[in-house]
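Dear colleague,

Please find below the structure that I am handing over to you. My findings follow directly after it.

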Amino acid sequence: MPNIRSSADLRNKYNEISSLCHKYQEPVFITKNGKGDLAVMSIEAYEKLAGRLELYSLIQEGMDDIREGRIQPFTDAMSEIKKKRNHEI
């Protein structure tokens, strides 16, 4: 169940909200005038979320390559990588 707090709580009970964010690794939703306004989370939870989004983006890019036919056999790809590496040395 989401943890929902008011903007006044954020102002007056910052340490409590910070502890909740770190303990549960989930966002705390902040309301302003009774309506959703912010989602607050720990840096660790944010970095985990950002990493997951980056991974999903890379997977989607790979799926797009497959759909568009931009693929090659593994052995060919490895040969190409080795050639590039040898030219950089």
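A nonpolar patch on the surface is formed by L49, L53, L55, Y56, I59, M63, I66 and I71, and together these residues have about 810 Å² of accessible area. Please note that the model is a predicted one. One member of the patch, L55, lies in helix α3, and with a relative accessibility of 46% L55 counts as partly exposed. For the chain as a whole, the exposed area is about 7700 Å², of which carbon and sulfur atoms supply 56%.

Overall form

The chain has 4 helices and 3 strands. Read from the N terminus, the order of these elements is β-α-α-β-β-α-α. The radius of gyration of the chain is 22 Å, whereas a compact globule of 89 residues would have a value near 12 Å. Taken along the principal axes, the box filled by the C-alpha atoms is roughly 60 × 30 × 20 Å. Of the 89 residues in the chain, 11% are buried. Among contacts with a separation of 6 or more, 26% are between residues 24 or more positions apart.

Helix α2 and its surroundings

Helix α2 spans residues 14-24, and its buried residues are I17, L20 and C21. Why do these residues lie on the same side of α2? The arc that they cover around the axis is only 95°, which puts them on the same side of the helix. The face turned away from this buried side carries N15 and K23, which are exposed. As for packing partners, the buried residues of α2 pack against β1 (3-6), α1 (7-12), β2 (28-32) and β3 (35-40). Just after the helix, Q25 takes a positive phi of about 50°.

Two residues give a closer view of this region. L20, found in helix α2, has a relative accessibility of 18% and counts as buried, because the cut-off for buried is under 20%. When neighbours within four places in sequence are left aside, the contacts of L20 are N3, R5, Q25 and V28. L20 and K35, which are 15 residues apart in sequence, have their C-alpha atoms 21 Å apart in space.

The second residue is T31, which has its place in strand β2. T31 also counts as buried, at 19% relative accessibility. Residues up to four places away in sequence not being counted, T31 touches I4, R5, S6, S7, G36 and D37.

Salt bridges

Side chains of opposite charge can pair when their charged atoms come close. How many salt bridges does a search of the whole structure find? The search finds 5, and three of the pairs are described here.

R5 forms a salt bridge with E16, with 2.9 Å between the closest N and O atoms. R5 lies in strand β1 and E16 in helix α2, so this pair ties together parts that are 11 residues apart in sequence. Is R5 buried or exposed? R5 is buried, its relative accessible area being 16%, while E16 counts as partly exposed at 37% relative accessibility. R5 also appears among the contacts of L20 and among the residues that T31 touches.

A further salt bridge joins the side chains of D64 and R67, at 3.0 Å from N to O. Both residues lie in helix α3 (residues 43-68), where they are 3 residues apart, about one turn of the helix. D64 is partly exposed, with a relative accessible area of 23%, and R67 counts as exposed at 59% relative accessibility.

R67 also forms a salt bridge with E68, the closest N and O atoms of this pair being 3.8 Å apart. At 48% relative accessibility, E68 counts as partly exposed. Through salt bridges that share partners, D64, R67 and E68 are joined into one network.

Yours sincerely

Methods
Residues numbered from 1 in each chain as written. Predicted model: local features only at pLDDT ≥ 70, side-chain atom pairs only at ≥ 80, totals over all residues. Heavy atoms only, no water. Buried < 20%, exposed > 50% of the residue type's maximum accessible area, 1.4 Å probe, protein only. Helix = DSSP H or I, 4+ residues; strand = E, 2+ residues; numbered from the N terminus. Arc of directions from axis to C-beta. Contact = heavy atoms within 4.5 Å. Salt bridge = Lys/Arg side-chain N within 4 Å of Asp/Glu carboxyl O. Rg over C-alpha atoms; globule rule 2.2 N^0.38 Å. Areas by Shrake-Rupley, 256 points an atom, 1.4 Å probe, with all protein chains shown as cover. Patch = residues over 30% accessible without salt bridge, like charges linked within 9 Å, V, L, I, M, F, W, Y side chains within 5 Å.
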